[in-house]
Amino acid sequence: LYFQNLTGRNELTPWQKGLTVMLITDLSKIKELQVLERVRLQALVEEIGFGASGLVDKANAPRIGRFVRAQHLVGGEFGQDASLALAVNSDLLDVPRESVMDRFGSKGMVEELFRMEKELLFGITDALGLKLSPEERAELQKPLSTDYQALMAFFMAIDYSDRGEYDKAEEYYKKALKRDPELTQAADALQELTDLGLVGRKRGNPWRGKSFLKELRERASFTDSLTPVYPVRRTRTPE
């Protein structure tokens with residue numbers, strides 16, 4: 001789940017989705033885990049009524065977990081102390097039992113985002129009892145990017161895309177790539193927007209694109225009630 005920004009600093013709002021994006025990227029590298037795609041989580045929380053921000057309060061976290069049939073959920077918040085250091089705290093939730101398995105966190109200055117995310121990551125793997133080989137641990141230590149400004153632009157682009165502001169998303173994906181050309185996730189996301197016809201249209205041409213989130217919502221509902229359109233398409237296991 002996305003992280004709550006408790007600092008009162010609007011410039012850190014991109015961290016809410018950014019920390020989650022980084023954790024999903026890393027956790028997806030672990031063969032023992034099946035990690036829910038962020039875009040599907042986004043579609044779900046929007047359908048349930050949490051809006052494009054995707055922020056889910058702790059009381060509703062088990063409900064989200066049950067909808068996606070997850071065994072575990074990870075979420076949390078970040079705040080700020082008197083020294084202006086940031087404190088990121090996270091919970092690992094056992095969904096069937098609706099109980100917190102473990103709590104872990106990290107502290108540091110803004111520019112230490114990379115280190116703090118890794119500390120959360122290894123807190124999760126330790127709590128789950130995963131035995132990582134030295135090679136796996138070395139792979140997980142690699143940062144998504146070492147350029148803080150590139151990451152912030154990337155996180156902002158993701159949020160603009162979720163909100164349907166595709167021209168803004170394109171602008172910030174390009175900013176991220178200008179800062180760090182090796183940020184392949186930004187390049188892939190920008191290419192997807194282009195392939196879907198959401199950006200890159202010629203001036204004066206009507207926009208006929210459709211967002212992936214909208215397509216997901218039209219193809220299937222995550223709720224437990226049948227939609228009136230094509231109910232025969234619904235199956236017990238969408239995979």
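These legends walk through a few close-up views of salt bridges in a predicted model.

**View 1. Lysine 17 and aspartate 162 pair up in a salt bridge.**
Let's start with one of the 22 salt bridges that the structure holds. Here the side chains of lysine 17 and aspartate 162 meet, with 2.7 Å from N to O. Lysine 17 sits in helix H1, which covers residues 15-27, while aspartate 162 belongs to helix H6, covering residues 148-162, so this pair ties together parts that lie 145 residues apart in sequence. Are the two partners buried or exposed? Lysine 17 has a relative accessible area of just 4%, so it is buried. Aspartate 162 comes out at 8% relative accessibility, so it counts as buried too.

**View 2. Aspartate 162 also meets arginine 38.**
Stay with aspartate 162 and look for arginine 38: their side chains form a salt bridge at 2.9 Å, N to O. Arginine 38 is in helix H2 (residues 38-48) and aspartate 162 is in helix H6, so here the pair links parts 124 residues apart in sequence. And how accessible is arginine 38? Its relative accessibility is 16%, and since the limit for buried is under 20%, arginine 38 counts as buried.

**View 3. Glutamate 119 and arginine 115 bridge within helix H4.**
This time both partners come from one helix, H4, which runs over residues 113-127. The side chains of glutamate 119 and arginine 115 meet in a salt bridge, 2.9 Å from N to O. What separates the two along the helix? They are four residues apart, so about one helical turn lies between them. As for accessibility, glutamate 119 has a value of 36% and counts as partly exposed. Arginine 115 is partly exposed as well, with a relative accessible area of 31%.

**View 4. Six residues are joined into one network of salt bridges.**
Which residues does this network bring together? They are Asp26, Lys29, Glu117, Lys118, Glu139 and Lys142, joined by salt bridges that share partners.

**View 5. A closer look at aspartate 26, one member of that network.**
You'll find aspartate 26 in helix H1. Its relative accessibility is 3%, so aspartate 26 counts as buried. The side chain of aspartate 26 makes a polar contact with the side chain of lysine 118, at 2.8 Å. Which residues does aspartate 26 touch, if you skip its neighbours within four places in sequence? Those in contact with aspartate 26 are Glu117, Lys118, Leu121, Leu140 and Lys142.

Key:
Residues numbered from 1 in each chain as written. Predicted model: local features only at pLDDT ≥ 70, side-chain atom pairs only at ≥ 80, totals over all residues. Heavy atoms only, no water. Salt bridge = Lys/Arg side-chain N within 4 Å of Asp/Glu carboxyl O. Buried < 20%, exposed > 50% of the residue type's maximum accessible area, 1.4 Å probe, protein only. Polar contact = N/O pair within 3.5 Å; in protein donor to acceptor, adjacent residues only side chain to side chain. Contact = heavy atoms within 4.5 Å.
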